[in-house]
Amino acid sequence: MKVGILDSTLREGEQTPGVVFTVDQRVEIAKTMSEVGVSMIEAGHPAVSPDIYEGIKRIMRLRKDGEIRSEIVGHSRAVKRDVEVAAELEVDRIAIFYGVSEIHLKAKHHATREEALSTISEVISYAKSHGVNVRFTAEDATRTDFDYLVQVARTARDAGADRIGIADTVGILYPSKTRELFSNLVAQVPNVEFDIHAHNDVGLAVANSLAAVEGGATIIHATVNGLGERVGITPLQQVAAAVKYHFGIDVIKLDRLQQVSTLVEKYSGIPMPPNYPVTGDYAFMHKAGIHVAGILNDPRTYEFMPPETFGRSRDYVIDKYTGKHALKDRFEKLGVNLSEQEIDQVLAKIKANQNTKFFRDVDLLEIAEEVTGRVLKPRPPEKIESLVWVLCESNVYTTAVTRRLSVLQGVKEVMEISGDYDILMKVEANDTVELNQIIENVRSVKGVKSTLTSLVLKKM
């Protein structure tokens, strides 16, 4: 099985309502996608606007310098001027699209089937004359009569396209139909490779993309976080995880998925819900007591793949659903040893607070202190406390400086130490004004070269 990813975050992704990438952001996203290993980057439609043109120009400069290794694709309508704009940027491939369903032919192109075939052939041939690889995408292919779709694919292939994109433009496919469609296309249109461009209107984009691969597609179009027109297309992180799990193929560096998701989230301005698959905050977060007990014994009980595969880590929620195993494990991680009876008492208090959504570590320590009567959690000092490191002049006797510092008001303890500094002091003050005065007094002591001060936030 052969399969790769075309990332269309910079093209389809920017068609998400409200999303606009700057030129610098476009370049950074492209570099990142190359680093994580996508096969192709659809860098945008350069004829749309000057900033997209400039972004692709800069991306191609990095491509020629070897900083970007992925194949760079420029998007184009089946219009010669669009092809010329893309070709002058010297992209690796021009992706020409044309709506081929009856709806698109009549309502958008106002063309007959024969006229459409003629346009497709002419524009692809024109693109090939510029010495560039061509992908032809049949827009709205999944609502197109199959026999005519075969004619379209053969026309595109014969005109010079080495890839045919099948676009489920309104997201109406389902997996078994997708597999059948691609199997038949591969059989009837040989000597060309097929892409799947699946929209997610009814939530089947990932499933349809996998089915297309089973049918013979070799490239899946995806966007980071599933961005795109309306509700977007196949989400990169989901389909990459699924391809790895089901087919055993690494189409991207999975441990970088969190990084690319966060980057695109920041630049797109669209926050990811916490329950988003693979990269959401809750993707490897467990709650029910029986689930947590299971993962503590063997994570495979409730995880399809280890979170470390995706650069993540597992965790669990402490609330009314929590069991003893989870509670005992959490206290052990906090360095607190409780007896079985004390664990039971803490658990009873947790379950009595039925409206609390979750208990933080500090909440657990407070409950444990109530149960045990012991001080278990760090507390802020009653006064301002600080640690002051002192560096002495090279020509002075350190012990002499230590004696002078020990008699200053507010200095509670003075120690000679090894390392970058010579002396460490514990200082206590009533307020910041007094603390600043103490530090000034320290610095005025003969033999003191410099100081470094750290405030004590909490202590036990």
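Strand β1 (residues 4-7) and strand β8 (residues 219-222) run parallel to each other, paired over four bridges. One place to spot this is Gly4, which sits opposite Ile219 in β8. Strands count as paired here if DSSP finds at least two bridges between them. The elements themselves are DSSP runs numbered from the N terminus, with helices being H or I over at least four residues and strands being E over at least two. Keep in mind that this is a predicted model, in which local features need pLDDT of at least 70, side-chain atom pairs count only at pLDDT 80 or more, and totals for chains, interfaces and linings use all residues. Residues are numbered from 1 along each chain as its sequence is written, and side-chain values use heavy atoms, leaving out hydrogens and water.

Now step back to the whole barrel. Eight strands close up in the order β1-β2-β3-β4-β5-β6-β7-β8, with parallel pairing. From one strand to the next, the twist averages 25°. Helix α4 (residues 102-109) lies across β4 (93-99) and β5 (133-139), and its direction is at about 90° to β4. For angles like that, axes are lines fitted to C-alpha atoms, for helices over the stretch in contact, and the angle between N-to-C directions runs from 0 to 180 degrees.

Next, have a look at helix α1 (residues 23-36). At 1.5 Å a residue its 14 residues should span 20 Å, and its end C-alpha atoms are indeed 20 Å apart; the expected span is 1.5 Å times one less than the number of residues. Because 10 of those 14 residues are buried, α1 is largely enclosed by the rest of the structure. Buried means under 20% relative accessible area, exposed means over 50%, and partly exposed is in between (1.4 Å probe, protein chains only). Among the buried ones are Val23, Ile29, Met33 and Val36. The buried residues of α1 pack against β1, β2 (40-44), α2 (50-64), α9 (236-247) and α10 (257-268), where contact means heavy atoms within 4.5 Å. Right after α1 comes Gly37, with a positive phi near 100°.

We've just met α9, so what does helix α8 (residues 205-215) do beside it? The axes of α8 and α9 come within 10 Å and cross at roughly 45°. The two helices are therefore oblique to each other, a label for angles that are not under 35 degrees (roughly parallel), over 145 (roughly antiparallel) or 65 to 115 (roughly perpendicular). Residues of α8 including Val206 and Leu210 meet a set in α9 that includes Val239 and Phe247.

Two loop residues are worth a stop. Asn191, between α7 (175-188) and β7 (193-198), has a positive phi of about 65° although it is not a glycine. Asn225, in the loop between β8 and α9, also has a positive phi, near 65°. Asn191 is exposed, with a relative accessible area of 73%, while Asn225 is buried, at 5%.

Finally, there's an open sheet of four strands, ordered β12-β13-β11-β14 with antiparallel pairing. Its edge strands are β12 and β14 (448-455), each pairing on one side only. Five bridges join β12 (residues 411-416) to β13 (residues 423-429), and one of the pairs is Glu413 with Lys426. These two strands form a hairpin with six residues between them, and Gly419 in the turn has a positive phi of about 115°. Helix α15 (residues 398-406) lies across β11 (384-392), β12, β13 and β14, at about 170° to β12. Helix α16 (residues 432-444) packs on the sheet too, touching β11, β13 and β14.
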